[in-house]
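I set out to look up the aromatic contacts and the unusual backbone angles here. The entries below record what I found.

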Amino acid sequence: MKRSVKLSRFASPPFILVIGYVLIIALGTLLLMLPIANHGGHAPHWIDSLFTSVSAACVTGLVVVDVDSTYTLFGETVILVLMQLGGLGFMTLATLFALLMGRRLSLKDRLLLKEAINADSMEGIVRIIRKVLIFSFTIEAIAAVVLALRWMREMPVGQAIYYGIFHSVSLFNNGGFDLFGTSFQQYAGDFVFNMIASVLVLSGGLGFLVLSNLFDFRRTRRLTLHSKMVLSVSGALIVIGALVIFIFEFTNARTLGGLNWEGKVYAAVFQSVSTRSSGTSTVDISGLRQASQFFIMLLMIIGASPGSTGGGIKTTTFLLMVGALIAVMRGQKEIVFFRHRVPQDIMMRALTIIVMALFIFSIVVILLLMTEDAPFLSLAFEAASAIGTVGLSVGVTPGLSDAGKLIICVTMFIGRIGPLTIAYAIRPRSTKTLYRRPEGHIVIG
């Protein structure tokens, strides 16, 4: 009986998801270490291959080596596949192959899918996944064509097509990787690029459940409470972020100062969108003022939305805590959004996620301060970027020690899987008690 309990814990959906990502990262590391994956046939140090694999599979975008000059077409293709697997989720893509093969999904498969996209129930889960896959591949294909046409003005047709595909996948999956070496700084004032890139990042960061709801909106004319919350808080954060960056960096010659009015607006908006978990930029992040860097840190920790290609504590979690704060200040006992009361267990989970994320972030910063010789804000920025799987960097990551790289690798992994999912995967089986403890009174505040 005890043996079956242990086996059931290791067969739980959270545990399988964790192990699945570990195996994907391990395979990616081995492939990136092959001579065929590296220019000159000389593989980088194993820790650099591991870091790149973790960053791609966890759709972060932090790098310790220049992708274009280090990896061959084979190596870049490995990174591309890792980003697609990490963004959509290996269970989502496994479902695609199962559907193509005509295989029916088992109850265990549906449980894994439910866990992978943070769905409330298994009802209609396959239908949701099918719609998400259609939407994802369609928007990636359209964006790849538009970007390829845009880059054909600057490079050969074959290279433009390849760049369009690579960056379309990277942007939609919030991967943060690019083949230019300086992200997209040369396109700060380019309307076509900024529009396509922003749409890709936002589409990937909204979450599968919201995408499915929007997919059906023309037929149902109805948005769920979850979709309303995600869309409202995402829009508010983007607008606020763009305004703050525009004001703080308006006269900064290293960022927005050298751009015209149109370029300033494009760059401020894109940089605000990018903090959702994209990790790409059209300005030099290391040149931002410290106030801007700290503000972007906060946005990166919030991250994208549940069940999306991004990380962070998630937009809905942040909104729930804001709602709780307002309710307490008003003396209200219930938290209400769009005329719906939020259940107590959801609030407890949101609080747990925030506490765990801030605790992990603090531990990571302390460890980096012990192993690295760099300014506090720079290390804190890289830690926030890793835990939010964003990928924005002030330039500290390539110079990290091996210990620092491993710390960031673990942080990116936790940020992608989610601290709560990892906790569920390793927690011991609990037994339900048939009684309740007496209620106690505690003084706080």
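The entries cover ring pairs, a charge over a ring, and backbone angles.

Entry 1, ring pairs. I note at the outset that the model is predicted. I looked up the aromatic pairs and obtained 16. I then took the pair Tyr-162 and Phe-166: the ring centres are 6.2 Å apart and the planes stand at 55 degrees, so I entered the pair as tilted. Pairing requires centres within 6.5 Å, and edge-to-face requires planes over 60 degrees apart. Both residues belong to helix H9 (residues 157-172), where four residues, about one turn of the helix, separate them. Phe-166 is buried, at a relative accessible area of 0%.

Entry 2, a second pair. I looked up Phe-184 and Phe-193, which are also paired and tilted, at 4.6 Å centre to centre and 45 degrees between the planes. I recorded Phe-184 and Phe-193 as buried.

Entry 3, the cluster. I followed the ring pairs and found that they link Trp-151, Tyr-162, Tyr-163, Phe-166, Phe-180, Phe-184, Tyr-187, Phe-193 and Phe-270 into a cluster.

Entry 4, charge over a ring. I found the charged end of Lys-264 over the ring of Phe-250, 4.6 Å from the ring centre.

Entry 5, backbone angles. Which phi does Val-59 have, although it is not a glycine? I read a positive value of about 40 degrees. Val-59 lies in the loop between helix H3 (46-57) and helix H4 (67-70), and is buried at 0% relative accessible area. Asn-174, likewise not a glycine, has a positive phi of about 55 degrees. I located Asn-174 in the loop between H9 and helix H10 (191-206); its relative accessibility is 0%, and I entered Asn-174 as buried.

Methods. Residues are numbered from 1 along each chain as its sequence is written. This is a predicted model: local features need pLDDT of at least 70, side-chain atom pairs count only at pLDDT 80 or more; totals for chains, interfaces and linings use all residues. Side-chain values use heavy atoms; hydrogens and water are left out. Rings of Phe, Tyr and Trp (its six-membered ring) pair if their centres lie within 6.5 Å; planes under 30 degrees apart count as stacked, over 60 as edge-to-face and the rest as tilted. Helices (H or I, at least four residues) and strands (E, at least two) are DSSP runs, numbered from the N terminus. Buried means under 20% relative accessible area, exposed over 50%, partly exposed in between (1.4 Å probe, protein chains only). A charge sits over a ring if NZ of Lys or CZ of Arg is within 6 Å of the ring centre and within 35 degrees of the ring normal.
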